[in-house]
Amino acid sequence: MSDHRQAAVRDRRSEPASHGRRGARRAGGDGPPQESPQRDLPTQPGEATPRGKNRKQRRLTTGAWAGIAATGLLVLGTLGGYGVYRNAVGNIDDLELGNKLGNNRPAPVKGALNVLIVGSDTREGDNLKYGQKMADAGKRTDTIILMHIAPDRDKATFVSFPRDSVVDMPACQSETGAPVAARTEMINAAYNEGGITCTITTIEALTDIRIDHFVEVDFTGFKNIVDALGGVRVCLTKPVDDKKAKLTLPAGWHLLAGEKALGYVRLRGYGDGSDIGRIKRQQVFLSQVVKKATSSELLTDPVKMLSFINTAAKSVRMDSELAKDTGTLFEIGKSAQKLTAGGVKLITVPWGPHPDDPNRVAWVQPYANQLFAAIKNDTEVTPPPDPKAKPAVKREQVRIQVFNGTDTPNRAREVAAELADQGFVVTHVGNARPATGNVPTTTVRYAKKDAADGVSYGDALAARLSGDKRAPVAGKVRPVTTEKYVPSVAPPPTPGGKAPTGPVIQLIIGADWPGVRALPKIPDALTDKVVDSKTNPCT
């Protein structure tokens, strides 16, 4: 491709999505313009919801968000039948990643599985009818989703990355092995310029989460998968008549398949007309897809299951490691049979308008990093219960004293706040640094007189520290200073309304302080942003 054409393609790819009210008017949105669905997220003072500019749309938006995630169910629920239908899965198109992801990657972890799902709007082959003028423009993605499958394979979280997020894209290798320079640009530029390899490298650098595999689907693949499911039910609060999406429907419930299903997920002239609003609708759409794909109607019907797997296999592209590793596919599929619609949650990365350009998106911190940390730390498989073992000690049963054994100021209080947020009962904070210098090693301690229960209570705290698990030590230390700890937010009531009575555990922070491990759940500040099976489908 010539330099001139490459520049033209980049210009088309960089067109901003209309996020806010001005975009709603231009797109013919019905009713009074509304604020973005995520406006109530904490943002910087004075920030406003991003607004779109009155520019002509030069390209079709993929809108395949829900379709891509539905394809992810090939990895989740449908592969439950892989042992029977393994020949069908041999049809999957695959890409050998080799060493194109480089050596500077997050460390691999055992337990959870992270799959990057992207949607391609390539106009090649059967997709040509969606834009012949763009046949030579390569492929783009407006859809980037991290699908996190819990270690026990009974839960899954889908995290959507808004396409207009301005991020620091690291240097990377394209799918062909060509170098792509680092830059600050919209997140979908990684896929535009370097394909799936640069997208994986960028997501890993931004989230510090190791991507284990990828799944990619295009327009035609999306339609085929929805058709194989027998269509998906959607609910419209108002009628739709959108020429760009080629969709005309009255208000109410509809069973959509084929072109109408694709038109629905590509729909922009509806609601507030924003890209974020469209993502929210597609998340609700996906919740309906999950219900259909995990229903007994599909999973217990061998003929329907075989048809669906055949169709899905022909509609996606995966990394070679996943597509050709029959053992991994079978293991994932077998364990994914436990997944139900109630175990799937969908959320968008916390966002706000970019300070330099209100048409772009910036991720809101610390909430974005808290979300990533929760996903990264979901690595432990729950062991089967031992009927002879004592019940595990819960966090709200553990009283803790946090003492700083280093010269880092305020560390005890900061750590106490983190532990209190996780449910521990922090009673005191203080200083335990001796005159001889910093305490070298972080320890969890209990009184010698509490030997009977001290270890189990100490283990509950040690399990929340990052790194290798630390064995609790018998014998407390005498702090240099101590004061009662009062949390900034009142803790929730303890079970039964009774204060904990177990042994008091000491946390002595040393020079090797590893940090507190994030809880493997969506942070409380983001729970109202979650779409799941309980979300009103007519929202």
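When the bonded cysteines of the protein chain are numbered in sequence order, their pairing reads 1-2, 3-4. The model is a predicted one, and a search of the whole structure finds 2 disulfides in it. The two bonds are set side by side below.

| Disulfide | S to S distance | Torsion about the S-S bond |
|---|---|---|
| Cys172 to Cys198 | 2.1 Å | about 95° |
| Cys235 to Cys538 | 1.9 Å | about 100° |

The disulfide of Cys172 and Cys198 is right-handed, given its torsion of about 95°. This pair links distant parts of the chain, since Cys172 belongs to strand β6 (residues 172-173) and Cys198 to helix α5 (residues 189-207), 26 residues apart. Cys172 is buried, because its relative accessible area of 8% falls under 20%, and Cys198 likewise counts as buried, at 0% relative accessibility.

The disulfide of Cys235 and Cys538 has a torsion of about 100° and is therefore right-handed. Cys235 sits in strand β10 (residues 232-236), while Cys538 is found in the segment after β23 (504-509), so that the bond ties together parts of the chain that are 303 residues apart in sequence. For this pair the accessibility has to be given residue by residue: Cys235 is buried, with a relative accessible area of 10%, whereas Cys538, at 23% relative accessibility, counts as partly exposed.

A further point of interest is the packing of two helices. The axes of helix α6 (residues 219-228) and helix α7 (residues 258-266) come within 9 Å and cross at roughly 120°, and the crossing in which α6 passes α7 is right-handed. On the α6 side the contact is made by Phe219, Phe222, Lys223, Val226 and Asp227, and on the α7 side by Gly258, Glu259, Ala261, Leu262, Val265 and Arg266. By character, the residues of this contact divide into 6 nonpolar, 1 polar and 4 charged.

The last site to consider is Thr442, which is placed in the loop between β19 (425-431) and β20 (443-446). Although Thr442 is a loop residue, Thr442 is buried, because its relative accessible area is 2%, under the 20% cut-off. Leaving aside residues up to four places away in sequence, Thr442 touches Arg470, Leu507, Ile508, Ile509, Gly510, Asp512, Trp513 and Pro514. One of these partners, Leu507, is 65 residues from Thr442 in sequence, yet the two lie 7.5 Å apart in space, C-alpha to C-alpha.

Conventions
Residues are numbered from 1 along each chain as its sequence is written. This is a predicted model: local features need pLDDT of at least 70, side-chain atom pairs count only at pLDDT 80 or more; totals for chains, interfaces and linings use all residues. Side-chain values use heavy atoms; hydrogens and water are left out. Axes are lines fitted to C-alpha atoms, for helices over the stretch in contact, and angles run from 0 to 180 degrees between N-to-C directions. Helices (H or I, at least four residues) and strands (E, at least two) are DSSP runs, numbered from the N terminus. A crossing is left-handed if the near helix is turned anticlockwise from the far one by less than a right angle, and right-handed if clockwise. Contact means heavy atoms within 4.5 Å. Ala, Val, Leu, Ile, Met, Phe, Trp, Tyr, Cys and Pro count as nonpolar, Asp, Glu, Lys and Arg as charged, and the others, Gly among them, as polar. Buried means under 20% relative accessible area, exposed over 50%, partly exposed in between (1.4 Å probe, protein chains only). A disulfide is a pair of cysteine sulfur atoms within 2.5 Å.
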